[in-house]
Amino acid sequence: MAATLHLCSGYQPIELRRQQCLHFTAPLPPWQPSVSSHCLSLRLRCEGGKVDVLERSDAQSRGGSDQIPNENELTCVMKFGGSSVASAERMREVAGLILSFPDERPVVVLSAMGKATNKLLSAGEKSVTCGVSNVSDLEELAFIKDLHLRTADELGVESTIISKHLFELEQLLNGIAMMKEMTLRTKDYLVSFGECMSTRLFAAYLNKIGVKARQYDAFDIGFITTDDFTNADILEATYPAVAKRLHGDWISDPAIPIVTGFLGKGWRSCAVTTLGRGGSDLTATTIGKALGLREIQVWKDVDGVLTCDPNIYSRAAPVSYLTFDEAAELAYFGAQVLHPQSMRPAREGDIPVRVKNSYNPKAPGTLITRSRDMSEAVLTSIVLKRNVTMLDIVSTRMLGQVGFLAKVFAIFEDLGISVDVVATSEVSISLTLDPSKLWSRELIQQASELDHVEGELKKIAVVNLLQHRSIISLIGNVQRSSLIIEKAFHVLRCNGVNVQMISQGASKVNISLIVNDGEAELCVRSLHAAFFESDLCGVVFESKSQNGSV
Ligand SMILES: Nc1ncnc2c1ncn2[C@@H]1O[C@H](COP(=O)(O)OP(=O)(O)O)[C@@H](O)[C@H]1O
Ligand SMILES: N[C@@H](CC(=O)OP(=O)(O)O)C(=O)O
C-alpha cells in the first residue's frame, strides 16, 4: 500500500512506494553561489500506509566527497557534441559507448547533429531576403529535413517524433521571410530546432534498443537564463530547478535523461535562449553541479584538450591534466574545444571534467580538476584569439591624474563592452575588446559602437584604435613566467615578430601577447615547436597563408 509524504519548502506531496530512497535538492535561502544546493537524503520504509524514516542525512552538495553514496543515483554527465552525433551511424556508436559503461547512470546532453546549427542559421539569413515563395526551396532547409528524416529512417525510429519540428521550422522560416528580418530572439528559436530534434531521435533510438530513455528540452526543465539572446547566462535558480526535475523523474521512473544542450529560457521573456556557440558544454557542467554528480564527461572529435588548435598546427598533442583555472583561461581565450563559461559550474561544484574523443574512446583524454601537480609544468597549451580590437589610450592630463583608470573603465561599463587583456602605466592603458561581445551584434552596429567608444574616450585621452590583432595566450605555470617569457620572446624575435602588448593576469596561468593577425599562426607554430617539440626547438617557420595546417 502506498503512502503520501508531505514536505515543506514548496515541494509537492510525494507518493511513496514500499521501500524507497529519496534524495532532495533544495535552494538555501539566501542563495549562495559557492554552495550549489542543499541535499537531504532519507531512507524510508513504507508499509501499510505508514512511513518510517530509517536513515536521514544532510549534506551540502558540492559534487564529491560529501555526497551520500547511493547505488541508484545518477552518476555522471556525458555530453556529446555535434561531431559525435553527426549521423545515424554516429548515434549508434554513441549509444554503444554509453552502454559500455555499465556502472554509470548518466545524464546525456546532446548538441545538434553535425553542422545543423550552422545550416539553420544560414537558412534564417537567406530567408530574410529570399521571399516567402522561395523558402521551401532553400538548400539548407532541404539539408536539415533530409538529415533528420534519413537519420530517423536509418535508426529505425518513427519520423513522426520530429515531423512537428520540421513543420514548425519551415513555418518559422516563412515568418522570417515575411518580416524580412531575423532578430536575435528569432535566431535562438531557430537554432533550437537542431538540439530539439537530435535529442528526440537519440532518445527514441535508445528506447527502441531496449534502453529506457527520456527526452528533455532544457528550456522546459528549469534552465533559466538572462534574456541576452545568442549569448545568455545561466541564472542561479537553474540549479535547484534542474536538480528537482531530473532527480525527481529519475527516482519515480528511472530512464536515462537525454537533454538538449545549448538551450535555455529567458527569465523575463520566457522565450528560448542559447548559451553562445558551443554552449552544450555549459549545459553539461550546469547539470553536473545541479545534481552534484561524480564526473562530467565532454565527448569531442579530438583526443582531449590539445597543446594548440590542431587546425593551426597538426602536431598539437593531448594535454593529460588541467586545472579548472587553466581550462577556463584556455576556453575564454579562444580554444574552441570548450565553451568559455563552461568551467564555472564545474569549479563551483568541484566536479572533475573529462574531455574525451568519441571517435577514439580508448585515448585517455584530458582530466580537468581543481588542482594538479605543477612541479614539472611549464607551458600547457597555446591559444589564439583572432580579430581582436586593441586600444591604446593615453591620458591628456599630466602624470599622476587621479581616477584616470576608473574613468576609462566606466566608459566600457556604460557601453556594455567587456575588456579582455589590459596593460597599464600611470597615464596610459592598452587593452583589447572582447570580440565575442562585439560579434553578437550586427557589423554596422559594431562599427558605430567602436566609433562611439573612441568618441567617449577622446574626451579624456588620446586614443589609437588598432584592429586585426590577435591574442596569443600562453597557458601554463606562470610561477615560471621568466622562463616562459624569455623563451617566447626569443622565438618571436627569431621569427621577426614584434609583440605589441604583453599581459600577465592575476590568474597565474596565463601570459597574453598581442601580435598582428597576419603573424599569429606563424607565432603559434613556432612557439609550439619551441615549447613542446624538443626536436624542432629553434626552427624558424615559414610564414604561410592563413588557416592551412602544417
Ligand atoms: N586546444 C584545442 N584542443 C582541442 N581541440 C581544439 C583546440 N583548439 C581548437 N580545437 C578544435 O575544437 C574542436 C572540438 O570542439 P567542438 O567543435 O566544440 O566539438 P564538439 O562539437 O564535438 O563539441 C576540435 O575538432 C578542434 O578542431
Ligand atoms: N549546436 C550548438 C551548441 C554546441 O554546443 O555545439 P557543439 O557541441 O557541436 O560545439 C553549436 O553549434 O554551437
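# Two ligands and two sheets

Biologist: By class, how many residues in the shell around ligand 1 are nonpolar, polar and charged?

Modeller: In this predicted model, charged residues make up 4 of the shell around ligand 1. The rest of that shell is shared between the two other classes, which gives 6 nonpolar and 6 polar residues alongside the charged 4.

Biologist: Which of the residues around ligand 1 come nearest?

Modeller: The shell of ligand 1 holds 16 residues. Five of these come nearest, and they are K79, S83, D301, L306 and N311.

Biologist: What share of the exposed area of ligand 1 does the protein bury?

Modeller: Let's begin with the contacts to oxygen atoms of ligand 1: a side-chain N or O atom of K79 is 2.9 Å away from one, and a side-chain N or O atom of S83 is 2.7 Å from one. The backbone takes part as well, with a polar atom of G82 at 3.5 Å from an oxygen atom of ligand 1. On its own, ligand 1 would expose 560 Å², and the share of this that the protein buries is 87%.

Biologist: How many residues around ligand 2 are polar?

Modeller: Glycines feature in this shell, including G81, G82, G278 and G279, and S111, T117 and S280 are there too. Glycine is counted as polar here, so these residues go into the polar class. With 2 nonpolar and 3 charged residues making up the remainder, the polar count is 7.

Biologist: How much of what ligand 2 exposes is buried by the protein?

Modeller: A polar contact is a pair of N or O atoms within 3.5 Å, so E195, with a polar side-chain atom 2.7 Å from a nitrogen atom of ligand 2, makes one. Oxygen atoms of ligand 2 are approached as well: a side-chain N or O atom of R277 lies at 2.7 Å, and a backbone N or O atom of G82 at 2.9 Å. Ligand 2 taken alone exposes 340 Å², and the buried part is 84%.

Biologist: Now to the sheets. Which are the edge strands of the open sheet of 3 strands?

Modeller: Reading across this mixed sheet, the order is β9-β11-β12. An edge strand pairs on one side only, and this fits β9 (224–225) and β12 (272–274).

Biologist: At about what angle to β12 does helix α5 run?

Modeller: β9 and β11 (residues 263–266) run parallel and are joined by 2 bridges, with I224 opposite K265. Helix α5, residues 184–208, packs on this sheet and touches both β11 and β12. Its direction and that of β12 make an angle of about 80 degrees.

Biologist: By how many degrees are neighbouring strands turned, on average, in the sheet of 6 strands?

Modeller: This open sheet is antiparallel, ordered β18-β19-β17-β20-β22-β21. Its edges are β18 (419–424) and β21 (501–504). With direction ignored, its neighbouring strands are turned against each other by an average of 30 degrees.

Biologist: Which helix packs on that sheet at about 140 degrees to β17?

Modeller: β17 (residues 379–395) and β20 (residues 461–476) run antiparallel with 13 bridges between them, and I382 faces L474 in β20. Helix α10 (residues 404–415) lies across β17, β18, β19 and β20, but its angle is about 20 degrees, taken to β19. The helix spanning residues 517–532 touches β17, β20 and β22 and makes about 140 degrees with β17, so the one you want is α14.

How values were computed: Residues numbered from 1 in each chain as written. Chains lettered and ligands numbered in written order. Predicted model: local features only at pLDDT ≥ 70, side-chain atom pairs only at ≥ 80, totals over all residues. Heavy atoms only, no water. Near = heavy atom within 4 Å. Polar contact = N/O pair within 3.5 Å; in protein donor to acceptor, adjacent residues only side chain to side chain. Areas by Shrake-Rupley, 256 points an atom, 1.4 Å probe, with all protein chains shown as cover. Pairing = 2+ DSSP bridges. Helix = DSSP H or I, 4+ residues; strand = E, 2+ residues; numbered from the N terminus. Contact = heavy atoms within 4.5 Å. Axes fitted to C-alpha atoms, helices over the stretch in contact; angles between N-to-C directions.
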